[in-house]
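Grab a pencil and work through these exercises with the structure open beside you. Try each task before you read its solution.

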Amino acid sequence: MSSSTISYLRSLSSVRDRCSLLLNNPISLSHFDLNLDRLTDVVNLVLDLIQRDYPDGPHSIPPHSRWRHFEPMPMNWPPISTKKADRIAKLVAQWISDGFDTNEIVRKLLDLFVVSVLLDAGAGDRWSYTPVHPISIWAGDNIDSSRFDGPVYRRSEGLAIASLDWFLSGAFSSSPSDPHRVDAAKLQCITENDLLAAFQVDQHSNPLVGAAGRTQLLNRLGAACAENNAFFGNTSTSLKDLHRPGNMLDFLLAHPSTTDSKSHPIIPVSALWEVVMDGLSSVWPATRTSLNGIPMGDMWPSRALATIVGVDPSEASTDDTKLAQILVPFHKLSQWLTYSLMEPITHYLNAEFSGIEAMTGLAEYRNGGLFVDCGVLIMKPSHEVETAVVEGGAVSHELSARKRATVEDNPSSPVRTSAAKRRKDESASVDAELVVANVPRFHPHEDVVVEWRALTVALLDLTGKQVRDALGMTEHELPLVKVLEAGTWKAGREMAAKLRPQTKGPPIEIISDGTVF
């Protein structure tokens, strides 16, 4: 296995290349039929949302980043005129008052955003969070919160507000005099019980999906920061032993590819991607796909790709060269992190990132669910669907006689138990609402999910182009990251709430370990 092959699969370009292959060869798909005529419905839905939510025009659309999830109003409050609360701006104002300079403020935001993004995998349908810190509770200077019930947040916004509270508590800092930072040493000491307490988890009344996986991500983040001095070390003599995510700012500003035009830093996206992929590669679980003993992160073998390139999947389990040919990279959390880290740097340092067009749409269940719900992707009828009989409050499962191809048919898969046994073992943790909603459930590594995610990435490119064409805008004026924010992610969520009001979840449920979705 050559180093160039590994470098390619870890690159941004490999995501678009491999995902496009599946879209361009629909006859080779194993799990979905494709109806591109219905893509017009997706595009029109996105255009409607842009018109509804951005009355000042599409130029006012912000980027899709973690910042948006710190801004929402409480989900249990009635609609009010104020649409968002800029808690980040309020926090930054406090730091300015405390005497921190602009670069240190950006480092603190990078600390917060890295931790928050890594905690952003799906929370599940039953978890919720009530903020505790004054900044997290704050909903705007002109809002009398006493008129409403106590604020409650769920899903991505809930995870963001919970991570903000945890950060503001000083739990990630080794210095009581500087509590709002994230130190490598403290991250390595975080326990699952710490996370359960911080996220107000009760296994019965307020369960959170993937708590153990999230904790391990934070522990590995601490180790990665400690081990990668070039990215996360500190050049200050007094703080030379302080490794933190935010120190990547100094690496980026000093990067040989970074240019400075009239105090306007221009940073190549490739430099930030180097930090994320090389500096944080050890964050991902060792059970993920590996080549030559190197963990490759969020990439998985695809039966459809094997058919397209003419590789026998059974040979890929023992031959890394052949395995590399049938892997589809997504790097979803890595790209979500990259998108999220760009915003505080551009906003507070007046910086610009070049080469952003190399990044892709995010292969996650809101974007992917939109294409299923709109009929662009139709799951083939060979798939079994879970139904449920609710008896005395318990949920028992009945699998339809229709057989679906599962990951067990793929010899290169790390999981080779029977589908029936797996579902029986997990049945106790499946919500009755989810099962009654007749939503199929799969693990992230299953071939059907890999195919779904690959098609999602490629379809997002088509959607972005058609939206821009309809608005008469260029890719520079309306990059894909803004199409995601204004339309596809939001449309996927709203469509799910309309079609599945019991759960508001996607049409295909992912059995998450807290490290992918």
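**Exercise 1: A small sheet**

Asp-260 stands opposite Pro-265 in S5. Keep in mind that you're looking at a predicted model.

*Task.* Work out how strands S4 and S5 are joined, and which way they run.

*Solution.* Start with the ranges: S4 covers residues 259–260 and S5 covers residues 265–268. Next, look for the bridges: two of them join S4 to S5, and the strands run antiparallel. Finally, check the link: S4 and S5 form a hairpin with four residues between them. In that turn, Lys-262 has a positive phi of about 55°.

*Task.* Now find which strand S5 joins in parallel, and put the sheet in order.

*Solution.* Step one: three bridges join S5 to S10, residues 352–354, and this pair runs parallel. Here Pro-268 stands opposite Ser-354 in S10. Step two: write down the order, which is S4-S5-S10 in an open sheet of three strands. The pairing is mixed. Step three: spot the edges, S4 and S10, each of which pairs on one side only.

*Task.* Which helix packs on the sheet, touching S5 and S10, and what angle does its direction make with that of S5?

*Solution.* The helix is H13, residues 269–279, and its direction makes about 55° with that of S5. While you're there, look at H17 (residues 332–349) too: this helix lies across S5 and S10, running at about 130° to S10.

**Exercise 2: Two helix pairs**

Here's the tool you need: two packed helices are described by the angle between their axes and the distance between the axes.

*Task.* Describe how H5 and H7 cross.

*Solution.* First, locate them: H5 spans residues 102–118 and H7 spans residues 155–168. Their axes come within 9 Å and cross at roughly 130°. H5 and H7 are therefore oblique to each other. The crossing is right-handed. Now for the residues that meet: Lys-108, Asp-111, Leu-112 and Ser-116 sit on the H5 side, with Ala-160, Ser-163, Leu-164 and Phe-167 on the H7 side. Sort the residues of this contact by class and you get four nonpolar, two polar and two charged.

*Task.* Do the same for H21 and H22.

*Solution.* H21 is residues 447–471 and H22 is residues 480–499. They pack at an angle of about 85°, with their axes 10 Å apart. So H21 is roughly perpendicular to H22. From H21, Leu-460, Asp-461, Thr-463, Gly-464 and Arg-468 take part, meeting Leu-480, Val-483, Leu-484 and Thr-488 in H22. By class, that contact has four nonpolar, three polar and two charged residues.

**Exercise 3: One proline**

*Task.* Is Pro-245 buried or exposed?

*Solution.* Find the spot first: Pro-245 lies in the loop between H11 (229–232) and H12 (248–253). Then check its relative accessible area, which is 1%. The cut-off for buried is under 20%, so Pro-245 is buried. Now look around: leaving out residues up to four places away in sequence, Pro-245 touches Leu-110, Asp-111, Val-114, Val-182, Cys-225 and Phe-232. One more distance to try: the C-alpha atoms of Pro-245 and Gly-233 are 8.8 Å apart, and these residues are twelve apart along the chain.

**Exercise 4: Zoom out**

*Task.* How many helices and strands are there in the protein chain, and what percentage of its residues count as buried?

*Solution.* Count the elements: 22 helices and 15 strands. Then take burial: of the 517 residues, 57% count as buried.

Methods: Residues are numbered from 1 along each chain as its sequence is written. This is a predicted model: local features need pLDDT of at least 70, side-chain atom pairs count only at pLDDT 80 or more; totals for chains, interfaces and linings use all residues. Side-chain values use heavy atoms; hydrogens and water are left out. Two strands pair if DSSP finds at least two bridges between them. Helices (H or I, at least four residues) and strands (E, at least two) are DSSP runs, numbered from the N terminus. Axes are lines fitted to C-alpha atoms, for helices over the stretch in contact, and angles run from 0 to 180 degrees between N-to-C directions. Angles under 35 degrees count as roughly parallel, over 145 as roughly antiparallel, 65 to 115 as roughly perpendicular and the rest as oblique. A crossing is left-handed if the near helix is turned anticlockwise from the far one by less than a right angle, and right-handed if clockwise. Contact means heavy atoms within 4.5 Å. Ala, Val, Leu, Ile, Met, Phe, Trp, Tyr, Cys and Pro count as nonpolar, Asp, Glu, Lys and Arg as charged, and the others, Gly among them, as polar. Buried means under 20% relative accessible area, exposed over 50%, partly exposed in between (1.4 Å probe, protein chains only).
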